[in-house]
Amino acid sequence: MTTSTEKPTSRAIVALVVIATAQLMLVLDDSIVNIALPSIQTELAVSPTHLPWVVNAYILAFGALLLLGGRIGDLWGRKRTLQLGLAIFVLASLAGGFGQSTEMLIIARAVQGLGAALASPNALALITTTFADRTMRDTALSLYGAMTGFGIILGLLLGGVLTGTLGWRWVFFINVPIGILALVGTRTLVGADRHPGRLGTIDAILGTGGMVALVYAITRFGESGLADPLAIVLIATAAVMLTIFIAVQSRSRNPLVPLSLFRDRNRTGAYLTMLLMAIGPMGTFYILTLHLQQVEQYTPLMTGIAWLPFAAGIFVGAGTTPKLLLRIAPRYVVTGAALLGAGATFWFSRITTETDYWLHLAPAMFLLAIGFGGGAIALTQAAIYRVDSDKAGIASALLNSAQQIGVALGLALLAGVAATVTAETGGTTPQTLVDGYTTALVVATGVLIAAAIIAFVMLSTRSNTEDRADVPSPAA
């Protein structure tokens with residue numbers, strides 16, 4: 001098959017913007033609320049125990065329901081499921097903005113997570129049906145991947161600006177006009193045909209229940225430490241439920257997660273590598289944000305601005321990776337990206353109480369982002385190319401799940417390491433905080449080296465140019 005060289009139509013350009021905007025909005029909510037937490041706590045009198053759940057409720061629902069959202073899209077229609085997810089997200093954002101109590105706000109955040117779980121995997125899967133031209137498809141995948149990193153930075157910036165000017169409620173209200181525009185724009189997307197099958201009740205209960213237990217356990221570890229008894233029980237529960245789930249899937253005619261997806265070594269490697277690459281950079285992002293505010297005494301808005309080199313690096317990585325993939329196999333692109341990220345986190349681990357921003361932090365932020373952005377794009381292509389059309393949604397959901405679980409695990413792991421080391425030194429002075437942060441950053445370096453090893457062992461040795469003849473045109 002030859003790649004189309006037709007110029008993109010206005011409809012294709014609008015569709016590209018819609019998918020990028022939807023992904024940006026969903027990822028932005030991973031970070032935008034963080035900046036507003038002190039204001040929310042003051043106005044609604046939120047207890048310290050419940051305050052983290054303004055963030056965790058979104059992460060829990062988003063991460064736990066992604067598999068269900070992807071499979072629903074495969075069976076009931078991806079375009080329709082995306083539209084439903086965006087509508088739910090917009091309504092939940094409106095409810096969060098008008099929230100008058102802790103309970104109402106946390107419920108609104110959980111419902112936002114539900115909407116995101118329906119929308120995100122189907123936006124990714126719709127790329128394969130909307131863009132018949134391979135070049136446009138690669139561009140869409142690159143932009144989709146770039147939005148993941150850029151959305152987090154934009155969330156910090158917008159969170160600081162909106163909270164400081166219009167008030168914390170606008171970190172929710174901002175989603176309403178953006179979501180409505182994206183919803184209207186979904187009319188330009190090409191939805192694949194619905195596929196026969198049904199969503200088994202047992203499959204849904206076991207799969208979703210196991211994911212809820214796993215993600216909840218990770219958030220508990222982050223809050224209460226690795227010895228938290230409830231988190232340990234939850235991990236055991238997740239292990240049992242997911243083991244039974246896999247056994248059920250192997251015998252099911254209509255599995256929630258077709259195990260055939262994992263027979264492709266390249267795709268399985270993409271999922272595992274994405275998990276580890278999300279742990280390293282996102283955990284590092286959290287640690288460095290704490291360092292800037294607690295040691296360097298940056299304001300929240302200054303912290304967001306300080307991360308702009310990361311945003312620049314994301315776009316550099318996103319812009320160069322598709323061209324690299326035409327000449328270099330994903331194995332080498334992702335391995336190089338992971339090692340670049342490992343070098344950046346090790347550079348970060350040399351921070352002190354008087355680290356120079358321009359000579360130390362900014363360059364490392366830029367390199368970390370290039371590695372993360374480039375690696376995410378290469379892994380996205382590895383995970384969804386050459387997938388049967390009736391499995392594209394769940395294949396996309398598995399990649400998103402790996403990323404979301406990696407984000408939650410990265411926060412829990414690195415925050416836990418930093419807190420433990422700081423506590424062992426017997427105080428919370430700037431130096432003891434730095435001791436904890438540097439240890440955590442060395443751990444992040446190790447995680448990214450492990451990602452590089454998995455990528456080198458498992459990913460494909462064929463470049464995208466060699467793969468083109470094997471990639472069927474998506475159904476219109």
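Here is a short exchange about confidence and empty space in this predicted model.

Colleague: Happy to look at this with you! Which helix has the highest confidence in the chain?

Modeller: The chain averages a pLDDT of 83, and 92% of the residues score at least 70. Confidence is lowest in helix α18 (residues 464-467), with a mean of 56. At the other end, with a mean of 95, is helix α14 (residues 330-348).

Colleague: Thanks! How many contacts beyond four places in sequence does the model have for residues 469-476?

Modeller: Two stretches are worth a look here. Over residues 1-5 the pLDDT is below 50, and this stretch has 12 contacts beyond near neighbours in sequence. Over residues 469-476 the pLDDT also stays under 50, and the contacts beyond four places in sequence number 16.

Colleague: Now the second largest pocket: which helix gives the largest share of its lining?

Modeller: This pocket holds about 460 Å³ of space, and 16 residues line it, with Leu-67, Met-211, Phe-262, Leu-398 and Ile-405 nearest its centre. By class, the lining has 15 nonpolar, 1 polar and no charged residues. Helices α9 (201-224), α10 (229-251), α11 (265-295) and α16 (392-424) each supply at least two of them. The largest share, 4 residues, comes from α16.

Colleague: Lovely. And how many polar residues are in the lining of the second largest cavity?

Modeller: That cavity holds about 60 Å³ of space. Its lining includes Tyr-144, Met-274, Thr-380 and Gln-403, while α6 (134-165), α15 (357-384) and α16 each supply at least two residues. No lining residue is charged, 5 are nonpolar, and the number of polar ones is 5.

How values were computed:
Residues are numbered from 1 along each chain as its sequence is written. This is a predicted model: local features need pLDDT of at least 70, side-chain atom pairs count only at pLDDT 80 or more; totals for chains, interfaces and linings use all residues. Side-chain values use heavy atoms; hydrogens and water are left out. pLDDT is the predictor's confidence in each residue, from 0 to 100. Contact means heavy atoms within 4.5 Å. On a 1 Å grid over the protein atoms alone, a cavity is a set of points where a 1.4 Å probe fits but cannot get out, and a pocket is an open set with protein on both sides within 12 Å along at least five of seven lines; lining residues have an atom within 4 Å of a point. Grid points are joined across faces, edges and corners, and a volume is the space filled by probe spheres set on the points. Ala, Val, Leu, Ile, Met, Phe, Trp, Tyr, Cys and Pro count as nonpolar, Asp, Glu, Lys and Arg as charged, and the others, Gly among them, as polar.
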